[in-house]
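Reader: I am new to this structure and would like to be walked through it. Could you take my questions one at a time?

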Amino acid sequence: MSHFESTTTTEASRTSSLQSGRQSYLRPEDAFYAPPPLRKRSIAPNTAAPVAQTNGSFPDARKWREKRRGSSDSRRRRNGKEGSGPKVPWKKLLWVKQSYPDNYTDEETFLDHLQRNPRLRPYEFWPLVADSTIIVQHVCSVVIFVCCFTAIFQERVSPQTVVGWATLGTVAGWVLRDYWQTREESEVAAKLAAKEAGDSPVSAATDGDKTSARSSSDMADFGMPFKEQHIPLASIPPSALQSPPHSRIPSVNSMDTPLSANSETNLPSFPAIPTTSPNPDLPPCNGEPSALSARTRERLITAKSAILIYCSLLGLSPILKSLTQSTSIDSIWALSSWLMILNVFTFDYGAGPESKFPASLSTNAAVMASTVLASRLPSTTHVFSLSLFSIEVFGLFPMFRRHLRHNSWAGHLWLTTLLVLLASGGLNMTISGGGYVSGIVGAVFGSIICCLGMGLTSWWLIGLQRYKNEIHGPWDPARPVLRGVWD
Amino acid sequence: MPYNIAMVSDFFFPQPGGVESHIYQLSSKLIDRGHRVVIITHAYGSPYPNRTGIRYLTNRLKVYHIPHWVVYRSTTFPTVFSSFPILRQIFIREQIQIVHGHASLSNLCHEGLLHARTMGLHTVFTDHSLFGFSDAGSIMANKLLKFSLSDVGHVVCVSHTCKENTTLRASLNPLAVSVIPNAVVPSSFQPLQPHEAKASHLPGDKSGLLPPPPDPSQPIGPGDPLTCIVISRLFYNKGTDLLISALPIMLRRHENLRFIIAGSGPKAIDLEQMLDSLPQQLLYTASGQSRVVLLGSIRHEEVRDVMVRGHLLLSTSLTEAFGTVLVEAASCGLMVVATRVGGVPEVLPNNMTVFVFPEVEDVVRGVTEAIRQLTSKTVHRGKFHDFVKNMYSWSDIARRTERVYDLITGAPSASDNEGYYDEEWVNYGQPAQPHSFALMDRLKRYFGCGIWAGKLFVIVVVVDYLIYCFLELMYPRDKIDICKAWPAMPTQDFAGAEEHEANGGVDVYDGVEIKHRRRLVDYSGVIET
């Protein structure tokens, strides 16, 4: 062990460590020299002498131990004389041999990395009430569905009326959604154009060749009778290949790349190409010429699937009518009640407009509930109407609600009010069996109860916040950050 | 004073692992200090070699493999009471005074602690792992740990982070929790010796796939090839995703860097897919050698032979209580790059380690920094082994564990265990009144564990006590044979023991298990297997 360059005194080791510029480190020597050299907190000058005895190279373990014992004896004497606590601060390290017992608990550093509720975002009352409207909407639509079924079942309303109004509403909702989507896309395109125009004010005024080259390739996408130019693939930088599909504005993509340089020099110029921006709505369609815009095609696809569902429901209705004939009626009520409850509890209330099919369990439960309910109805028309109505209420209406909330908050509030009024009125009419008067009374009472309920539950949830106790600390598995700047 | 100690854990050899070797090394060194130690674990069958009945290991270490039903990852089925009769027999037979349980996921350990308290024995528990507080599994495990530890005499943790964690999980008094780290056997993790460097290949070499081991005494030039070792099971919580994302960047950045990755696991497929997707010129050196070598899982004995082939070790683990592999690597003379998680920052000094955050870019930065330090000769790898040897040794761990035993039994400490601390620390953390074994006091402790859980725990303890009374009637204490002690060995003094360790005599488990277990004095048939 002679090759340990050991310093003889604490002072020396301290100075050496200072010289090496690593005074914040604890060096390996600290592991076996009795007192770790002090760096942060100063020691009294008279302690240097007894400490100095303990340092130095040690030929074997026994001698080292004897020296240690000697050192602690001397320290003990010194402590007895001075009556002071230990001067060497405790360190939260395992590799240093410290003169503290193993169960020593440092009051300053123990649990100092503990975090309680680090990501706690305290709820506020009005945002919470506003968010609870989503739940109210869904519960109301379930209630309306059940009321409609009861009305149909008791033959107070004809199923055609119900499904007629619902279909009208669905078509209106779809038109509205289509309008929003178109508006949003054009907004995005406009924003992009504005941004890129701002980025490159010079390029807008450059020669027509670049624009013509770029727009000609755009035109080729839409089936215009221009030849695709031959661009050597190797010369295209990756940035040009990965251009986002939305930026269809001419002369924006590969502004200063070799591509534009190439096209400038090598390619024949195309005369008289309209340099106006093509319709930003048009996505690429793999070079196939198509007479219809993407928007129109999407609409056609939607119409096609609607007709498909309509026809298959028509075909299935006679089968559904006799599905549960051998089952007793109270099992049907019980089954459908549980399925509706399942629907309400598993519904994805947090989904935004971008999610395509949220909470499939919830939707399936609702559709199954309506199927078993429909099977108790007397005629095929009844069955068909109720099934169609359930698809509209549980499949399409939540989607519309999400879009509505995204696009128009006022519309969302109005829809909530309307649904609450309809549901409570319908509920009272169903329960009391009365006419419009009882409906109005029910609507008044229902809306009052609903407002109270929303307020009280929000208030309760805020009150429950104080029981939240989430503990985090260095023992938690770290979350790796995988996507860095290189991605 | 010498104690009779029983180490109880589900995890012991022939299963390999960190807890297993900890128990073995600690027991062996405690025997060296004059204690009698037995290990109690469950019987092992396939896929491991058969282990039933009593076996003797090196250094007079006796292992009881008691029959038990193994359910999951060699943890026995939690039946709470079923092993009480056999544990009581063993405790009485071996005149056990202290029961020392290991690992918080070991059911046998918790049963042993509970029954030991019922029998009025002192108990110590060692926690080897970290747990969170959020997921359902952790909440369950923490409740059980609270039950088990609410009446335990003292708890040992392997790092300060682990101590904080365990204190919170089981609501313990922090003064009743000691921090005693793991250690390494320095002789098993030596850097490359000069005579090995001359030999063309190491024993257990996997042909010419691997790069030749560098000579640690030679300085590294700026253009010299460097090898980075990764030894980790390829699991999510070992940070394999981080490794997968950082590997291509590191290969691109450092032309001379090569990787040896040892270990297997569910993430191995992801790793191989990533390697397949990389361009060939990145994966092969100019001379056609592969820059990334996947070794698959290796045995613990082979770890050192792999480690000495590298210059630095990369650990991307996301949670780590102690990080034994880091100490082993440093002992082999490797620069360590490790994520700053759990107890890792406490384990090694800054000039042997580059700590990084668990982020891809920071891992790359850490490796770059380590390479810079290696090539600029600001670190001296040749000295790492001796540093580590002085930081961690099992004899020291055994001495500190013995102090814990002294603390809970209230006995005076051995002569060579005195004087490590100042006088004011002598009774530090000792309970004001001795831990009471009276049933009423025990019930009070358990009752405080929770509104419902407290009552349930009290019922369990009462039933356990009734079973104990029943066993005392059915199998009276005086009818149980007392096991004879080993014939007195020439007392090894402490320095001699340490020398012995340095020479590397006794510490390999696999080769040296004593085969003649049946003709030894001690197989008189308490355990029918």
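Reader: Thanks! To begin, how many of the residues of β4(B) are buried?

Author: Happy to help, and please keep in mind that this is a predicted model. One side of β4(B) is lined by B:L61, B:V63 and B:H65, and the other by B:K62, B:Y64 and B:I66. Both of these faces are covered, with each of those residues buried. The strand is therefore mostly covered, and a residue counts as buried under 20% relative accessible area, which gives a tally for β4(B) of 6 of its 6 residues.

Reader: Which strand of chain B runs parallel to β4(B)?

Author: One pair to look at is B:I40, which stands opposite B:Y64 in β4(B). The parallel strands are joined by 5 bridges, and the partner covers residues 36-42 of chain B. That partner is β2.

Reader: And in which sense do β3(B) and β4(B) pair?

Author: These two strands form a hairpin with 3 residues between them, and in the turn B:N59 has a positive phi of about 65°. B:L57 has B:L61 in β4(B) as its bridge partner. Over 5 bridges, the sense of the pairing is antiparallel.

Reader: What is the phi of B:R60, and where is that residue?

Author: B:R60 is in the loop between β3 (53-57) and β4 (61-66) of chain B. Its relative accessible area is 21%, so B:R60 is partly exposed. Most residues other than glycine have a negative phi. B:R60 is not a glycine, yet its phi is positive, at about 60°.

Reader: Is A:E155 buried or exposed?

Author: Look in chain A at the loop between α4 (125-153) and α5 (159-199), where A:E155 is found. A:E155 also has a positive phi, near 60°, without being a glycine. Its relative accessibility is 56%, and because the cut-off is over 50%, A:E155 counts as exposed.

Reader: Which kind of peptide bond joins B:F13 and B:P14?

Author: B:P14 lies in a loop of chain B, between β1 (4-8) and α1 (18-32). Most peptide bonds are trans. Here omega is about 15°, and the bond between B:F13 and B:P14 is cis.

Reader: In what order do the strands of the open sheet of 6 strands in chain B lie?

Author: The pairing in this sheet is parallel, and its order is β13-β12-β11-β14-β15-β16. At the edges are β13 (292-296) and β16 (353-356), each pairing on one side only. From one strand to the next, the twist averages 20°. Beside the edge strand, β12 (residues 257-262) pairs with β13(B) over 4 bridges, and there the bridge partner of B:A262 is B:G296.

Reader: Which residues touch the most other members of the largest nonpolar core?

Author: In soluble globular proteins, nonpolar side chains tend to be buried together. The largest nonpolar core here has 151 residues, and those touching the most other members are B:F91, B:L247 and B:M307.

Reader: Which helix gives the most residues to this core?

Author: The helix in question spans residues 240-253 of chain B and gives 8 residues. Leaving out residues up to four places away in sequence, B:L247 touches B:F259, B:I261, B:L271, B:M274, B:L275 and B:V292. Apart from this core lies another, of 41 residues, with A:V129, A:F145, A:L404 and A:L419 among them. The helix that gives the most to the largest core is α7 of chain B.

Reader: What is the relative accessible area of A:S141?

Author: A:S141 is found in helix α4 of chain A. Beyond neighbours within four places in sequence, A:S141 is in contact with A:V393, A:F397 and A:R401. A:S141 is buried, and its relative accessible area is 3%.

Reader: Which residues of chain B does UniProt list for "transmembrane region"?

Author: In the model, the listed span is 95% helix and 0% strand, and its end C-alpha atoms lie 30 Å apart. The label comes from an unreviewed UniProt entry, which lists residues 450-471 of chain B.

Reader: Last one: what share of chain B is buried?

Author: Chain B has 19 helices and 16 strands. Its accessible surface comes to about 21300 Å², with 58% belonging to carbon and sulfur atoms. Of the 529 residues in chain B, the buried share is 60%.

Terms used:
Residues numbered from 1 in each chain as written. Chains lettered and ligands numbered in written order. Predicted model: local features only at pLDDT ≥ 70, side-chain atom pairs only at ≥ 80, totals over all residues. Heavy atoms only, no water. Buried < 20%, exposed > 50% of the residue type's maximum accessible area, 1.4 Å probe, protein only. UniProt positions renumbered as here; feature names shortened; annotations may be inferred. Pairing = 2+ DSSP bridges. Contact = heavy atoms within 4.5 Å. Areas by Shrake-Rupley, 256 points an atom, 1.4 Å probe, with all protein chains shown as cover. Axes fitted to C-alpha atoms, helices over the stretch in contact; angles between N-to-C directions. Core = buried A, V, L, I, M, F, W, Y, C linked by side-chain atoms within 4.5 Å.
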